[in-house]
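Here is a short note on the side-chain contacts, to be read with the structure open. Please follow each point on the model as you go.

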Amino acid sequence: LVWADSPIVLYGVGCWPSERLGVIWWPALLNIPGVTLLPLTLRPVDTQNIRVGVLLFWAIGYTFSAFQVLSIALDIRVPVGEARHVGVQSDPLWLGFHVFTGCALLVGSNLDCLVLGWRHGPGGVSRMVEADPRQGLAWVHFKVRCIFQLLGAALLLFPALRVLGPDPAFAQNVNAAPMLVLGACAFASPLYAGPAARGAVLSWLGRLGTTAAEREAAVVSTLCGLGRQSDGSLLRKAGLSFRVISFDRLRSDDFVPGGGGGDADKRAEKAALGDCDAFVSHAWLDNAAAKWQALERWAKAFQQERGRPPTLWVDVVSIDQSAVAESLACLPIFLAGCESLLVLGGPVYTSRLWCIMEIFTFLSITTDLSRVTIVPLKGGGRRSAAELDTLSAFSRFSVEQATCALDTDRENILSVIQSSYGTYDDFDRAVRGLFAERLDPNAVPSRSASSYRAPSGADASRRTASELGWPMV
């Protein structure tokens with residue numbers, strides 16, 4: 001940006017030595033990768049940096065609009081014909097070019113202020129970025145795209161209008177070709193700064209200079225940051241409040257909203273992070289009886305294999321009901337402290353973003369998919385309507401269609417997912433692939449009982465469902 005804009009600034013005040021250094025258009029080409037790469041480095045969770053980015057592009061627009069006005073006021077000399085120069089005020093086409101580019105920069109850099117100020121009043125942009133950083137980042141990219149396409153159109157049209165109109169000799173001018181090249185590159189910039197490119201850059205930046213373990217910790221840390229507490233504080237709280245329940249102490253009415261007899265959380269016991277067989281992920285709006293039947297059959301098969309009932313993390317009994325908000329902030333750490341993830345998936349499951357967040361977190365901390373078991377819920381018969389609905393929901397999964405009770409939670413979770421995967425499509429494919437693989441009748445849970453790390457001999461620890469008596473619920 002420094003190399004690109006220094007010639008433009010000098011040109012704007014009439015001090016660019018074009019006789020010795022040539023035309024400004026070739027160094028100005030660096031503006032395009034410079035400006036497009038700058039917002040590509042912003043992640044959707046970087047609220048403060050996005051706010052700075054919004055202000056930065058606002059300042060850039062005003063600064064260069066001012067330079068256009070200054071160029072006209074100083075009547076700087078502009079090229080005409082093959083090698084002549086005249087004052088900008090005496091040439092209508094050059095005057096129009098400076099006015100148009102100044103207005104394009106001014107309007108393009110203030111699009112968010114114009115729209116959001118009209119909708120939400122003064123301070124609308126800042127409030128929008130704070131509440132929805134993804135939307136703020138989208139505005140940054142939109143402004144860059146609008147500015148470049150407007151400037152690209154001006155740079156392409158100006159030489160053409162000049163050659164076809166009053167100044168055919170301008171075709172031989174040293175400024176004509178670089179103006180056309182710069183205009184074409186600027187106009188095409190959205191092609192290489194679109195969502196696919198942004199996703200690839202986000203994914204690459206997420207891997208840059210970090211190990212897999214560091215990236216896993218960063219994901220958990222970012223998700224815990226939704227609770228606005230320090231990582232160390234949350235880790236201590238999670239360690240002190242991690243509670244599990246043995247399946248034989250769980251009851252069917254625990255999965256009924258408002259059920260549990262009022263003593264659900266009293267039946268759980270404190271445990272060390274890592275001393276839990278499965279984190280039970282479910283949606284409260286799915287059928288309670290079907291969830292209990294699925295869990296009962298899973299637990300029976302688990303006990304047949306290991307000779308004891310499984311220990312489980314289940315939200316209704318494991319969350320401290322006197323400090324629900326603090327417990328929810330620790331949820332990613334609780335997930336990381338469980339050996340496996342057990343999904344009781346019904347038709348509603350994929351539409352609840354907190355459920356998807358649990359899958360996302362588990363995918364972030366392990367590459368061993370055998371630690372995930374997905375059990376589709378069903379009623380009577382071989383293929384009930386409920387099970388077909390569930391399988392259909394799994395195959396059509398889209399994280400952007402999932403909802404939360406609070407819009408702020410939804411935007412924060414989506415921002416974390418986008419920062420990690422680059423695009424929602426990549427995450428959707430990962431989750432659909434997980435659903436497909438772990439719904440395989442041959443899929444069984446990990447047998448490691450002493451650690452929640454992936455087993456080293458995955459093939460040796462797997463058996464077929466029929467060998468274990470594992471039911472497809």
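**Notes on side-chain contacts**

1. Arg308 has a relative accessibility of 29%, so this residue counts as partly exposed. The model is a predicted one. Arg308 forms a salt bridge with Asp277, with N and O 2.7 Å apart. Asp277 sits in the loop between β4 and β5, Arg308 in the loop between α15 and β6, and the two are 31 residues apart, so the pair links distant parts of the chain. Asp277, unlike a partly exposed residue, is buried, because its relative accessible area is 4%, and buried means under 20%.

2. The bridge of Asp277 and Arg308 is part of a network of salt bridges that also takes in Arg306 and Glu339. In total, the structure holds nine salt bridges.

3. Another of these bridges joins the side chains of Glu269 and Arg249, at 3.3 Å from N to O. This pair also links distant parts of the chain: Glu269 is in strand β4, Arg249 is in the loop between β3 and β4, and 20 residues separate them. Glu269 is partly exposed, at 48% relative accessible area, and Arg249 is partly exposed at 37%.

4. Asp426 and Arg429 form a salt bridge in which the closest N and O atoms are 2.3 Å apart. Both residues lie in helix α22, three residues apart, which is about one turn of the helix. Asp426 is partly exposed, with 31% relative accessibility.

5. Turning to the rings, the count of aromatic pairs is 14. In one of them, Phe394 and Phe435, the ring centres are 4.1 Å apart and the planes meet at 20°, so the pair is stacked. Phe394 belongs to helix α20 and Phe435 to helix α22, 41 residues apart. Phe394 is buried at 3% relative accessibility, and Phe435 is buried at 1%.

6. How are the rings of Phe397 and Phe427 arranged? They form an edge-to-face pair, 6.2 Å from centre to centre, with 70° between the planes. Phe397 lies in the loop between α20 and α21 while Phe427 lies in helix α22, so the pair ties together parts 30 residues apart in sequence. Both of these residues are buried.

7. The four rings just described join Phe360 in one aromatic cluster: Phe360, Phe394, Phe397, Phe427 and Phe435.

8. A last contact pairs a charge with a ring: Arg162 lies over the face of Phe170, at 5.7 Å from the ring centre.

Note on methods:
Residues numbered from 1 in each chain as written. Predicted model: local features only at pLDDT ≥ 70, side-chain atom pairs only at ≥ 80, totals over all residues. Heavy atoms only, no water. Phe/Tyr/Trp six-rings, centres within 6.5 Å; stacked < 30°, edge-to-face > 60°. Helix = DSSP H or I, 4+ residues; strand = E, 2+ residues; numbered from the N terminus. Buried < 20%, exposed > 50% of the residue type's maximum accessible area, 1.4 Å probe, protein only. Lys NZ or Arg CZ within 6 Å of the ring centre and 35° of its normal. Salt bridge = Lys/Arg side-chain N within 4 Å of Asp/Glu carboxyl O.
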